[in-house]
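Student: I would like a close look at a single part of this structure. Could you take me through it slowly?

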Amino acid sequence: MKILLVLCLCICTLPIYQSLADELDEYDDYGLDPKDKEGAVIDPRGHRPVSRGRETYVPSGGAPPPISGRGRYRGRPTAAPTTSKQEQKEEQPDAGGCTHASERMGVLCPNGCELKNTILKQERNVKPAVTELKRGVEELNRDTNSIYKYVNGLSDELRERQRVTDGNGQLVGEYTNDLESQHAFIKEAVNTNFPSNIRILQGIMDTLRSKVQRISQAIVAQRDKCKDRCTVTCPIPVVSGKECEDIYRKGGTESQMYYIRPDSFYKPYRVYCDQTTLDGGWTTIQNRMDGSVDFGRRWDEYRRGFGNIAFDTGKNYCNTPGEYWLGNDRISQITKMGPTEILFEMGDWSGAKTQARYQQFTVQGEASNYMVSIAGYSGTAGDTLLTGASELFGENRTMTIHNGMMFSTYDRDNDKWTPGDPSKQCSREDGGGWWYNRCHSANPNGRYYWGGSYTKYMAKHGTDDGMVWMNWKGSWYSLKSMCMKIRPFFQQ
Ligand SMILES: *[C@@H]1O[C@H](CO)[C@@H](O)[C@H](O)[C@H]1NC(C)=O
Ligand SMILES: [Ca+2]
């Protein structure tokens, strides 16, 4: 009996643990289990050195120069507003942001949806376990019945024997005694053990059932919540324009979410405008600040854009940017309208800030795999994009330059690394979609590591896949925040 019970428990609980483990595996993107020894790794990465004799590295052939010139805008007529407003650092209401929410850009979903997905998955796993358990209990019931029958049979036999014994001597009497005690033993076993085993199993089943019930309730609750909050609308600002600079000049000088329509062929879409930093007018094309949105995404998602544009943190307008990628089509389209500058703002985990600014930034269309061209660096973060990682030399450094690169995602390899093994791709190893060379000196769409320093043992593929800007913090420091914003270039 015990064996049956144990067996049943094994059968019933194993799939649950297994599936929970699977679940963890699936979400454990970072492999948070550093093999502690050896301490921090300090060797510079970013590049993939060539193995002599078998491989060569061919740097990119001449990239088209970025669009340059005087630009579509004259200098600002009035002095720029001098608000001392610091960069918003407000936390999201819930760190478990809805990472898979937006089919189209601008769907706002601060929380809950991720939880919903997890719960749905778990429900799928628990249900078969309950079914399995139910079958176990039924089987046990059947067994119990047949043993009851057996006992009844024994009882009959006993009665028969008793009749015979009347006429027979002591020998048979002894035999009968034996039989009687056996009968009693078995009956005892059946009356006490079986029911208690069944009770145990039934208890387990009830627990599981109530778990499923609670999960179902949670799902319903989450569904409701998501319904409300996913469609949270920030009030549409009165001002709109071609991009954030246009909006600024029309009087939209508050940093918040706006609708823009760069071109009448396109539908208007939402974007976060930074109207305070460096005189404002910046269209935010990328933002990271808490790791709430997964940036390890497919080509299509990078093409369309993903994430959360902005949140309303209680001011009745969407004043706080979320984590998002605006989308390569949109980025390409805006930057091709005229000379465009780009500003990278980044912060480390001790609160230090720095920036890199490029006077020219153009992204070609999808037919050219969104090839990027950049020029005119200024700033304090270090010019990784044009000159590569300063801690590397010669070819090793050349292969970390991003200017002239095409965009790569893990399902679309356009990088300059051709090791002959299709599983070896920069985007796959370094965590996000980006203009990878062989591979990077800057990795703004890399994995989000909490706390900054990380090691190759924490990285999924042993590479420096964090949110890295090598010329500021090296390969093994993942920044806390990163923001990319563009603005039409104009003479100040
Ligand atoms: C490039 O990197 C490899 C491995 O890190 C190293 O052996 C080689 O000397 C480097 N080459 C240069 C020019 O620094
Ligand atoms: Ca490749």
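Student: Which protein donors does the calcium ion (ligand 2) have, and how far from it do they lie?

Tutor: This is a predicted model, in which local features need pLDDT (the predictor's confidence in each residue, from 0 to 100) of at least 70, side-chain atom pairs count only at pLDDT 80 or more, and totals for chains, interfaces and linings use all residues. Residues are numbered from 1 along each chain as its sequence is written, chains are lettered from A and ligands numbered from 1 in the order in which they are written, and side-chain values use heavy atoms, with hydrogens and water left out.

The calcium ion (ligand 2) has as its protein donors Asp 413 (OD), listed twice, together with Asp 415 (OD) and Trp 417 (O), and they lie 2.2 to 2.9 Å from the ion. Donors here are N, O and S atoms within 2.8 Å of the metal (3.2 Å for Na, K and Ca), and because water is not among the atoms, sites may look incomplete. Along the sequence, the donor residues follow the spacing D-x1-D-x1-W.

Two of these residues can be described by their accessibility, where buried means under 20% relative accessible area, exposed over 50%, and partly exposed in between (1.4 Å probe, protein chains only). Trp 417 counts as buried because its relative accessibility is 7%, whereas Asp 413, with a relative accessible area of 36%, is partly exposed.

As for confidence, the chain averages a pLDDT of 80, and 79% of the residues score at least 70. Over residues 1-41, however, pLDDT stays under 50, and the model has 48 contacts (heavy atoms within 4.5 Å) beyond four places in sequence for that stretch.
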